[in-house]
Amino acid sequence: MHANLIGLGALILVAGLLARFGRRMGLPTVPFFMLAGILLGPSTGGPVAFEHPEDLDILALFGLVVLLFHLGLEFPVEQVLGSGKRLYIAAGAYIGINIGAGLGLGFALGWGAKEAFVIAGAVGISSSAIATKLLIEMRRLANAETPVILGIIVIEDLFLALYLALLSPILSGANSAGELLLRIGISFGYLAVLFGVARWGAKWIGKVLDTREDELVAIIMIGLVVLVAGISADIGVSDAIGALMIGLVVARTSIRERAERIAIPLRDVFAAIFFIAFGTSIDVGEIGSVAVPVLIAVCITVVTNVSAGLITARLFGLNQRGAANVGLTVLGRGEFSLILATLAAGAGLDDRVGPFIALYVLILAVLAPILAANSKYLARIIPDRLLHDRWRYVREETISTACTHLDRINITETDEDECQECVELGDTWVQLRMCLTCGQVACCDDSKNKHATAHYEDSRHPLIRSLQEGDGWQYCYEDQTLVREPAGSSRS
Amino acid sequence: MGKGVRIQELPGLGTRYDVDLHSGSDRVSIVVGRDGKRHLYVFTQAGDEPAAVIELTEDQARKVGAVLSGTFFTD
């Protein structure tokens, strides 16, 4: 055995140190793993850790398999199924706009139809790991838009499985349209079978896996995962899907928690090797030739993400801040883009696809955290009408459920039926409003004295409600929006 | 759940509990992560940005929780 242990060790160590350096500046890790591969790969003039990157293949492939297995394992099925129709529409809009724009770009580049589908996926599917880390680091977990962002990226993960099921047959090089359709049929049929196993067969799989000893659980589980991934690849569905689906199956067994604990360190190390190996396959000489397309792609991605953010904000009644945060947090691209790039390399597509995706991921890796952290500047220039042009109809249909000040509601009922200040002045009023923070009753903005608004300006208590019989709406001064209780919240 | 506590699922991350403190506009949000980590957000009247954010491991959270719930300790 003449394994290049020195090269492997150096690669992983450099990758880890580079990523650690990047984390200090709040940058995501995945692009740095890839960067280590590029720097120490055979195409740069500098030191070369691996003369033959293909020696890394089996480790890298294992990394891909555990990465997707873990993704399936921790996929929050219940939380996704329990989320409302609105979230699906928002996620659908996000995916549709991004994949659509990616397809447009892919075909416009003229590298070929297969290449276009790979590029569409690579620029269209965001990195859930990057977005989640950003939310934690930017201290936005308590924000109103955060559940929406997380919901979107989780649904994107699921979309990845469907996209891979579509892409593998396309890349496999079918000779006719009929053959292609047949292969797509097989691909989705296989996906359905694995869904069936996840739904009804998990108990039996659990019986095979469950022993008292963690050592044996780990070995049997990994064996099963790799086997299923291999079989999937063999029948023309990608190994990635097989791994993802078996993750969904194991997630429904009794060993789920132990499986997660075992899978995490494996995933961390071997997925890093996967990203490094991808880096070593990149020819630096090609990067110059893809720079312009990449810059265009980055601009398109920013625009499509902000648009999707605006659509989401309208659906959920978020304010400007929410819209900007949704658009700019989901900007990071990482693991999924690199998986697609690897698929492209494996299928022998245009050589420029790999460098294109590598550079694209690197640029967004730096750009995404910066833009997300400065989303407030975008929020300032989003005009009201983009979010609230339905205000006129709002009496009939209150739209917003995402006011961030609902927690300041302390009191909702009162016996008061006059505006005290108006009574003292001897004035009259048109309608009455009630402050939901302190309970003060005052006259509305159609009245002469506008005491309710004056009360807000004094006290900064954000929410009022109408005391008019049958009105039932609340208004938030801070968010300038009509609000009702968030769907699914329980205040009892 | 008790009065004034709102529950919000954060898909893939965990569950958020928003606790109303009934003193002006102070509130506390606690995110219990699937990985066991607790993220504690404290908001005060000052605005939308949290006044303090603390990340606790499961162990630390248990300790702080015990003290908060009035468990009696001696040296």
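At what angle do the axes of helix α3 and helix α11 of chain A cross, and within what distance do they come? Keep that in mind while I set the scene. This is a predicted model. It scores ipTM 0.88 and pTM 0.79.

Now the answer. Helix α3 covers residues 57–73 and helix α11 covers residues 239–251. Their axes come within 7 Å and cross at roughly 35°. The crossing of α3(A) and α11(A) is right-handed. Angle and distance between axes are how two packed helices are described.

Who touches whom? From α3(A), the residues are L64(A), V65(A), L68(A), F69(A), H70(A), L71(A), G72(A) and L73(A). From α11(A), they meet D239(A), A240(A), A243(A), L244(A), M245(A), I246(A), G247(A), L248(A), V250(A) and A251(A). By class, that contact holds 14 nonpolar residues, three polar ones and one charged.

Let me step back to chain A as a whole. It has 20 helices and five strands. Its C-alpha atoms fill a box of roughly 100 × 55 × 50 Å along the principal axes. Of its 492 residues, 49% are buried. Take the contacts between residues at least 6 apart in sequence: 75% of them join residues at least 24 apart.

The domain assignment splits chain A in two. Domain 1 runs over 5–384 and domain 2 over 396–483. Their C-alpha centres lie 48 Å apart.

Next, helix α2 of chain A, residues 30–40. How many of its residues are buried? The count is 11 of 11, so to speak of α2(A) as mostly covered is fair. The run starts with V30(A), P31(A), F32(A) and F33(A). It carries on through M34(A), L35(A), A36(A), G37(A), I38(A), L39(A) and L40(A). What do these buried residues pack against? Five helices of chain A: α1 (5–24), α12 (256–280), α13 (284–316), α15 (335–346) and α16 (353–373).

Two backbone details in chain A are worth a look. Start with R139(A). Its phi is near 55°, a positive value in a residue other than glycine. R139(A) is found in the loop between α7 (128–137) and α8 (146–171). Is R139(A) buried or exposed? Partly exposed, because 15 other C-beta atoms lie within 10 Å, and buried would take 20 or more.

The second is K450(A). This residue is not a glycine either, yet its phi is positive, about 50°. K450(A) lies in the loop between β2 (441–443) and α20 (451–459). It has 17 C-beta neighbours inside 10 Å, so K450(A) also counts as partly exposed.

Last, chain B. It has one helix and five strands. What is their order from the N terminus? The elements run β-β-β-β-β-α. Of the 75 residues in chain B, 24% are buried. For contacts in chain B with a separation of 6 or more, residues 24 or more positions apart account for 0%.

How confident is the predictor here? Chain B averages a pLDDT of 84, and 85% of the residues score at least 70. A general caution applies: where pLDDT is low, predicted coordinates should not be read in detail.

To recap the opening pair: α3 and α11 of chain A, axes within 7 Å, crossing at roughly 35°, and right-handed.

Terms used. Residues are numbered from 1 along each chain as its sequence is written. Chains are lettered from A and ligands numbered from 1 in the order in which they are written. This is a predicted model: local features need pLDDT of at least 70, side-chain atom pairs count only at pLDDT 80 or more; totals for chains, interfaces and linings use all residues. Helices (H or I, at least four residues) and strands (E, at least two) are DSSP runs, numbered from the N terminus. A residue is buried if 20 or more other C-beta atoms lie within 10 Å of its own, exposed if 12 or fewer, and partly exposed in between; C-beta atoms are placed from the backbone. Two residues are in contact if their C-beta atoms, placed from the backbone, lie within 7 Å. Axes are lines fitted to C-alpha atoms, for helices over the stretch in contact, and angles run from 0 to 180 degrees between N-to-C directions. A crossing is left-handed if the near helix is turned anticlockwise from the far one by less than a right angle, and right-handed if clockwise. Ala, Val, Leu, Ile, Met, Phe, Trp, Tyr, Cys and Pro count as nonpolar, Asp, Glu, Lys and Arg as charged, and the others, Gly among them, as polar. Domain bounds come from an automatic or database domain assignment. pLDDT is the predictor's confidence in each residue, from 0 to 100.
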